[in-house]
Amino acid sequence: LHRLFEAQAALRPHAIALSCAGVQWTYAQLNRHANQLAHRLLARGVQPDDRVALCAEHSLELIAGLLGILKAGAGYVAVDPRQPRERLEWVLRDSTPVCVVSHSSLGGMLPDALPCLWLDDEAAAAGVSAENPVVEGLGPHHLAYVIYTSGSTGRAKGVQVEHRQVSRLLSATEGWFGFGERDVWTLFHSYAFDFS
């Protein structure tokens, strides 16, 4: 999935990729931020099919975090900080992530036992490679994300989704929607919702 994004970033590096709260990032800027996070995750030993929790505020960094986790070969576990505390704790316990990617302002709601990488830690990103990482052996059959169902039995269940499942959905529906470079998508709902 991240290779599809990288192809767009190479085609249109100066086009606006994200806009939030009056700030915009181009595709090149988003790719750089995602790459730096990916290299930080790789330096921590993250490997394909590892799960990395993503607990972030709606922001430009949220999308960079999602892409950075994918670029490191891991699957992200969407943990929306706006969800009830009990659900947040359950998802973090059940998914057994190797670490959490978050904003430092949310640190107080995360378990002390889990190592954290802060999306807003500019000092940690300084000097980190901004090149697209290459993760050997990473392919379509590897984990892209874990999404938790609403839990009709009273307990949310994690569903593991591979890169190939998402890319199949996108390619199968491409003709229906005809999305192009002039389309704009808004993310106003929880990123822990599957279609997000």
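Let me start with Arg 85 and Glu 89, which sit four residues apart in helix 4 and are therefore separated by about one helical turn. As a general point, an α-helix has 3.6 residues a turn, so residues three or four places apart point the same way. Please keep in mind throughout that what we are looking at is a predicted model. In this model Arg 85 and Glu 89 form a salt bridge, with their closest N and O atoms 3.0 Å apart. Arg 85 counts as partly exposed because its relative accessibility is 39%, and Glu 89, with a relative accessible area of 35%, is partly exposed as well.

Staying with helix 4, which covers residues 85–95, we can ask which of its residues are buried. They are Leu 88, Trp 90, Val 91, Leu 92 and Ser 95, and the elements that cover them include strand 3, strand 4, strand 5 and strand 7. Just after the helix ends, Thr 96 takes a positive phi of about 45°.

How many salt bridges does a search of the whole structure find? It finds five, and I would like to look at two others beside the one I began with. In the first of these, the side chains of Arg 3 and Glu 6 meet at 2.6 Å, N to O; these two residues are three apart in helix 1, residues 2–11, and so they too are separated by about one helical turn. Arg 3 is partly exposed, with a relative accessible area of 38%, whereas Glu 6 counts as buried at 9% relative accessibility. Glu 6 also forms a salt bridge with Lys 71, where the closest N and O atoms are 2.6 Å apart. This pair links distant parts of the chain, since Lys 71 belongs to helix 3 and Glu 6 to helix 1, 65 residues apart. Lys 71 is itself buried, with a relative accessible area of 1%. Through shared partners, then, Arg 3, Glu 6 and Lys 71 are joined into one network.

A contrasting case is Arg 40, which lies in helix 2. Arg 40 is buried yet has no salt bridge, and the nearest side chain of opposite charge, that of Asp 121, is 4.7 Å away, while the cut-off for a salt bridge is 4 Å. What the side chain of Arg 40 does reach is the backbone oxygen of Trp 118, at 3.4 Å. Leaving aside residues up to four places away in sequence, Arg 40 touches Leu 117, Trp 118, Asp 121, Ala 124, Ala 125 and Val 128.

Let me turn now to the nonpolar interior. The largest nonpolar core has 24 residues, and those with the most contacts inside it are Leu 41, Val 52, Leu 54, Ile 69, Tyr 76, Val 101 and Tyr 145. Two or more residues come from each of helix 2, strand 3, helix 3, strand 4, strand 5 and strand 7, with helix 3 giving the largest share, four residues. To take one member, Val 101 touches residues that include Leu 37, Leu 41, Val 52, Leu 54, Ile 69, Leu 117 and Leu 119, again not counting residues up to four places away in sequence. Apart from this core lies another, of 18 residues, among them Trp 90, Met 109, Leu 114 and Ala 156.

His 103 is found in the loop between strand 5 and strand 6. It counts as buried because its relative accessibility is 7%, and its side chain makes a polar contact with the side chain of Ser 59 at 3.5 Å. Among the residues that His 103 touches are Cys 55, Glu 57, Glu 61, Trp 118 and Asp 120.

Another serine, Ser 167, is placed in helix 6, residues 163–177, and is partly exposed, with a relative accessible area of 28%. The side chain of Ser 167 reaches the backbone oxygen of Arg 164 at 3.2 Å. Between the C-alpha atoms of Ser 167 and Cys 55, which are 112 residues apart along the chain, the separation is 24 Å.

I will finish with the aromatic rings, of which the structure holds four pairs. In one of them, the rings of Phe 177 and Phe 179 have centres 5.3 Å apart and planes at 10°, so this pair is stacked. Phe 179 counts as partly exposed, at 48% relative accessibility, and together with Trp 176 and Phe 177 it forms one aromatic cluster.

Definitions and conventions
Residues are numbered from 1 along each chain as its sequence is written. This is a predicted model: local features need pLDDT of at least 70, side-chain atom pairs count only at pLDDT 80 or more; totals for chains, interfaces and linings use all residues. Side-chain values use heavy atoms; hydrogens and water are left out. A nonpolar core is a set of buried Ala, Val, Leu, Ile, Met, Phe, Trp, Tyr and Cys residues joined through side-chain atoms within 4.5 Å. Buried means under 20% relative accessible area, exposed over 50%, partly exposed in between (1.4 Å probe, protein chains only). Contact means heavy atoms within 4.5 Å. Lys and Arg count as positive and Asp and Glu as negative; His and the chain ends are not counted. A polar contact is a pair of N or O atoms within 3.5 Å; within protein, one must be able to donate a hydrogen and the other to accept it, and residues adjacent in sequence count only if both atoms are side-chain atoms. Rings of Phe, Tyr and Trp (its six-membered ring) pair if their centres lie within 6.5 Å; planes under 30 degrees apart count as stacked, over 60 as edge-to-face and the rest as tilted.
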